[in-house]
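Colleague: I should like to learn how to read strands, helices and internal spaces in a model. May we take them in turn, beginning with strand pairing?

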Amino acid sequence: MKKSIWLCLFMSLAVLASACSSGASSGGGGERKIEKVSDITGTVRVAVAGWAMENGVDTLTGRKTIGFNPYIQDTFKKMYPNIELKVTQIPWENAMAKQKAMLLSKDVDLIYTGGAYANQFYQQGLIRDIDDLIANDKSFDPRIYLEGVFKNSFSVRSLDGTKQFGIPIILGKRMIVYDKQMFEEWGVEPLSANPAPEEILEKAKKMTGKNPKTGKQNYGLWFSGNSLNQSTFVSLSYAYDVNGVEGSLDDLKHLKWNLNTPEMKKVLEWFKEAAPLAPKAFINGQGAENFGMEENNIAIAIDSSGGAAFNEFRSSGSADLVERFVPVLNMGPSGEGWVAVDPIVMAKEVKDEKAAWEVMKFLTSYETQKYFYENSLATPTLKKADFVDEKDIYTAKAMELADIARKNLLDEANPFYNSRMVPVINGFISQAANGNPTDIGKTLSDLQSDAVKWSAEQ
């Protein structure tokens, strides 16, 4: 994913949000007994994007948090006392360039990065396949991970789907969340568990205007109008069964494009109807700053995280907002939508393969994912994550969505989609919001011609 998106999704990693349990947290010592796993020796160089390395304080709740370095001392160094870890922390703002430079100069063995970055590094021949390491290690069980992301995400698998090059460690939270209180104030039936695009539009239209109880301006809908990967489009493409491109993304020249179709027309027609239902600032990715809070004025938010409501619970102990802001599945026929995945990957020119593999397993393990959840609310990639707070309905829903994820050739792994389609879609949304939507037929015809020409030039 583009760096600014990952910065938004994982800002909590930089400030390290507080632990969700009152007992000893991962990396905090106390009740847990960490035992030695192996005497294997070696040095492993790890480059991580955005992780807070030292202890700190959560700016939202005031609780103390545990940095990655203390966590490593309390866990990994006891499990692998003879492996030396050399960790380099890189801000998200320049993660792609810096990590690529380290890979090219052979100065790193393992990387934590954004999924789109990892896939690009792999396509450039800088990342190692790990299928042989998995096959030869009976202690590693890939079945512990959510199947949808481990087997289907381009963040960890090759574009032809035949090779595994990464292990997922953190998921983004992208779901539909609605304000139950606002629905009640307007007398509208709650959203279904798996709402179709038409249901969302129908109910959003009923709640755009002056609230009948409060007299305040309400907006029926919010989604990002300038998303760098336009994840709402991805969700709609599932809902309307868009077959926009056929082939394999590792053979761009021979892709078959189907962008000027009735299904694609339905997607743009949905955007045309949806745009006037959102606050004007949505075209700049803003306008939902109060969503999840008491003073909220938006009925339905697409690709929301629920973060504000759950942070209030963690801060005050009151579950009122968690009960008010309800998460549901995305718009695909089974609830599918776009799922952000951050992996750990291994450099092609890894220096100490055996030691690096042990570190890679540790960094994606139950123990480490528990640490990240408790200290930053990072969404785990595990099928069994019993450390997730029972009140954290948003993380639970994000994991449910990840488990049903399936491949989509029209998402950020597709360079034409990312660089050429998304700006056109965002431009269409902006024009629709301003009451002057561009002609859908011409928009799709131009996209089709551009795509065919683009592939021929590859």
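Modeller: Strands of a sheet pair through backbone hydrogen bonds, either parallel or antiparallel. In this predicted model, I111 has V345 of β14 as its bridge partner.

Colleague: In which sense do β5 and β14 pair, and over how many bridges?

Modeller: Strand β5, residues 110-112, and strand β14, residues 341-346, pair in the antiparallel sense. The pairing extends over 3 bridges.

Colleague: What is the strand order of the open sheet that holds β5 and β14?

Modeller: The order is β4-β1-β5-β14-β6, which gives an open sheet of 5 strands with mixed pairing. At its edges stand β4 (83-90) and β6 (166-171), each of which pairs on one side only. On average, neighbouring strands of this sheet are turned by 20 degrees against each other, direction ignored.

Colleague: Which strands form the edges of the open sheet with the order β8-β9-β12-β7-β13?

Modeller: That open sheet also has 5 strands and mixed pairing. Its edge strands are β8 (209-210) and β13 (325-328), and each pairs on one side only. Within the order, β12 stands between β9 and β7. Strand β7 (residues 175-179) pairs with strand β12 (residues 298-304) in the antiparallel sense, over 3 bridges. There, Y178 stands opposite I300 in β12.

Colleague: Let us turn to helices. At what angle do α18 and α19 pack, and how far apart are their axes?

Modeller: Helix α18 (residues 415-433) packs against α19 at an angle of about 165 degrees, with the axes 11 Å apart. An angle over 145 degrees counts as roughly antiparallel, and α18 and α19 are therefore roughly antiparallel to each other. Their crossing is right-handed.

Colleague: How does α12 pack against α19?

Modeller: Helix α12 (residues 262-274) and helix α19 (residues 440-456) pack at an angle of about 125 degrees, and their axes are 10 Å apart. That angle makes α12 oblique to α19. Here too the handedness can be stated: α12 passes α19 in a right-handed crossing.

Colleague: I should next like to understand the enclosed spaces. How many cavities of 30 Å³ or more does a search of the whole structure find?

Modeller: A cavity is a space where a 1.4 Å probe fits but cannot get out. The search finds 2 cavities of 30 Å³ or more. The largest cavity holds about 250 Å³ of space. It is lined by 23 residues, and those closest to its centre are S153, F154, W338, V339 and D411. The elements that give two or more residues to this lining are α6 (115-123), α8 (147-152) and α11 (231-239).

Colleague: What is the make-up of the lining of the largest cavity by class?

Modeller: The lining of the largest cavity has 11 nonpolar, 8 polar and 4 charged residues.

Colleague: Which residues line the second largest cavity?

Modeller: The second largest cavity, with about 40 Å³ of space, is lined by G172, R174, N330, W338, V339, A398, L401 and A402. By class, these are 5 nonpolar, 2 polar and 1 charged. W338 and V339 belong to this lining, and they are also among the residues closest to the centre of the largest cavity.

Colleague: Finally, what is the volume of the second largest pocket, and which residues are closest to its centre?

Modeller: A pocket, in contrast to a cavity, is an open set of points. The second largest pocket has a volume of about 310 Å³. Of its 14 lining residues, M79, Y80, K361, F362 and S365 are the closest to its centre.

Colleague: Which helices contribute to that lining, and what is its character by class?

Modeller: α15 (353-363) and α16 (366-376) each supply at least two residues. The largest share, 3 residues, comes from α15. By class, the lining of this pocket has 8 nonpolar, 2 polar and 4 charged residues.

Terms used. Residues are numbered from 1 along each chain as its sequence is written. This is a predicted model: local features need pLDDT of at least 70, side-chain atom pairs count only at pLDDT 80 or more; totals for chains, interfaces and linings use all residues. Side-chain values use heavy atoms; hydrogens and water are left out. On a 1 Å grid over the protein atoms alone, a cavity is a set of points where a 1.4 Å probe fits but cannot get out, and a pocket is an open set with protein on both sides within 12 Å along at least five of seven lines; lining residues have an atom within 4 Å of a point. Grid points are joined across faces, edges and corners, and a volume is the space filled by probe spheres set on the points. Helices (H or I, at least four residues) and strands (E, at least two) are DSSP runs, numbered from the N terminus. Ala, Val, Leu, Ile, Met, Phe, Trp, Tyr, Cys and Pro count as nonpolar, Asp, Glu, Lys and Arg as charged, and the others, Gly among them, as polar. Two strands pair if DSSP finds at least two bridges between them. Axes are lines fitted to C-alpha atoms, for helices over the stretch in contact, and angles run from 0 to 180 degrees between N-to-C directions. Angles under 35 degrees count as roughly parallel, over 145 as roughly antiparallel, 65 to 115 as roughly perpendicular and the rest as oblique. A crossing is left-handed if the near helix is turned anticlockwise from the far one by less than a right angle, and right-handed if clockwise.
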